[in-house]
Amino acid sequence: SLELLQNLPAEIGMGGNLLYLYQGFWCPQFQQHFKAQETDIILASIPKSGTTWLKALIYTIVNRSRYSLEKSPLLTSGPHGVVPFLEFDISSENHFQEQDRLPNPRIFGTHSPYPALPCSLKDSGAKIVYVCRNPVDMFISYWKFSVNIPKEEEKHLSLEDAFDKFCQGLHGYGPFWDHLLGYWKASLERPDKVLFLKYEDMKKNAVLYNRKLASFVGLPFSMDEEKRGLIEEISRLCSVESMKSYEATRTCTGPLGIPASAFIRKGEVGDSLNHLTPSMVSRVENLIREKLQDSGLSFFLSS
Ligand code: A3P
């Protein structure tokens with residue numbers, strides 16, 4: 001049975017004004033009909049954690065022999081144009097048939113919590129890359145983004161109220177701590193299937209993480225590619241500064257008709273500290289300590 005919350009403001013509803021309580025998570029949409037293939041690559045995240053960046057990186061890494069970097073469809077269609085979301089972009093029967101014809105390996109994004117992933121995906125050889133981000137930056141990123149969500153313009157919460165709901169776990173795909181823990185535990189149990197990444201680590205050392213990503217999806221960089229500096233080039237192509245200049249960022253729309261430009265803002269670590277009071281940050285620090293204790297997973301919010 002599904003519990004339903006209706007008429008939600010944009011800061012909570014995540015692109016709609018409904019949230020369903022599904023397997024303990026507040027989900028605006030979910031996808032159970034997807035038929036995974038053994039070679040699929042799934043990019044999972046809670047919104048505003050670096051999904052757009054991860055899509056750009058994996059798409060470029062996987063397709064590096066098919067397209068030269070300067071001719072990549074990424075530049076004209078954008079990360080959300082070349083990597084569809086399971087929940088938003090392929091809901092209908094037609095879409096499923098189209099996806100069956102995509103080149104191998106197929107790449108999809110999802111915001112689904114781990115327990116709610118389609119069974120065919122969990123049971124197949126498909127690889128999952130999960131990216132997460134420190135929760136306060138993720139919250140502020142969503143707060144800034146929510147003005148771009150269609151149909152919800154009139155109903156806006158104050159920053160304080162949205163933050164309070166966030167800390168209660170009442171936000172799209174939340175609670176965030178359970179979202180993180182689901183993939184974290186899966187990555188410990190099945191490290192060959194689930195790669196767990198943090199946005200902050202990737203920002204510190206993009207080259208190292210590009211190497212990790214390529215190896216994880218079974219397409220490691222060759223010595224020749226290393227020597228040619230291809231990994232550095234991919235890092236540059238997919239950097240926030242470069243992505244801002246893509247034709248696609250200016251002209252395309254992303255999921256739910258939201259302008260592609262809304263998905264690329266500052267891309268910095270620690271921006272939340274410009275917006276939240278020290279007591280708000282310490283509330284999240286306490287939550288993290290309580291919810292993630294003994295998991296081996298941690299975040300340092302103020303560094
Ligand atoms: P900010 O709002 O803090 O700038 P998602 O893609 O999951 O919706 O997350 C969006 C966040 O990722 C935004 O954060 C956005 O600026 C940032 N982002 C988008 N592209 C990026 C890139 N190429 N490198 C780093 N961060 C990026």
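**Close-up 1. Helices α2 (51-62), α7 and α14 (240-244) each supply at least two residues of the shell around the ligand.** The model shown is predicted. In this view, 22 residues surround the ligand. The closest are Thr51, Thr52, Ser141, Arg265 and Gly267. Helix α2 gives the largest share of the shell, 4 residues. Sorted by class, the shell holds 8 nonpolar, 8 polar and 6 charged residues.

**Close-up 2. Helix α7 (residues 135-145) is mostly covered.** Of its 11 residues, 9 are buried. The buried stretch begins with Pro135, Val136 and Asp137. Met138, Phe139 and Ile140 are buried too. So are Ser141, Tyr142 and Trp143. Ser141 is also among the residues closest to the ligand. Helix α7 itself supplies at least two residues of the ligand shell.

**Close-up 3. Four strands form an open sheet in the order β5-β4-β6-β7.** The pairing is parallel. Strands β5 (107-110) and β7 (194-198) are the edges, and each pairs on one side only. Neighbouring strands are turned by 20° against each other on average, direction ignored. In general, strands of a sheet pair through backbone hydrogen bonds, either parallel or antiparallel.

**Close-up 4. Strand β4 (residues 41-45) is joined to β5 by 4 bridges.** The two strands run parallel. Isoleucine 42 stands opposite phenylalanine 108 of β5. Helix α2 packs on this sheet and touches β4, β5 and β6 (127-132). The direction of α2 makes about 165° with that of β4. Helix α2 thus appears in two views: here on the sheet, and in the ligand shell with 4 residues.

**Close-up 5. Helix α11 (residues 206-216) packs against helix α13 (residues 230-237).** Two packed helices are described by the angle between their axes and the distance between the axes. Here the angle is about 105° and the axes lie 9 Å apart. Angles of 65 to 115 degrees count as roughly perpendicular, so α11 is roughly perpendicular to α13. On the α11 side, the contact is made by Ala206, Val207, Asn210 and Arg211. On the α13 side, Ile231, Glu232, Ile234 and Ser235 take part. By class, the residues of this contact divide into 4 nonpolar, 2 polar and 2 charged.

Notes. Residues numbered from 1 in each chain as written. Predicted model: local features only at pLDDT ≥ 70, side-chain atom pairs only at ≥ 80, totals over all residues. Buried ≥ 20, exposed ≤ 12 C-beta atoms within 10 Å, placed from the backbone. Axes fitted to C-alpha atoms, helices over the stretch in contact; angles between N-to-C directions. Parallel < 35°, antiparallel > 145°, perpendicular 65-115°, else oblique. Contact = placed C-beta atoms within 7 Å. Nonpolar A, V, L, I, M, F, W, Y, C, P; charged D, E, K, R; others polar. Near = placed C-beta within 6 Å. Pairing = 2+ DSSP bridges.
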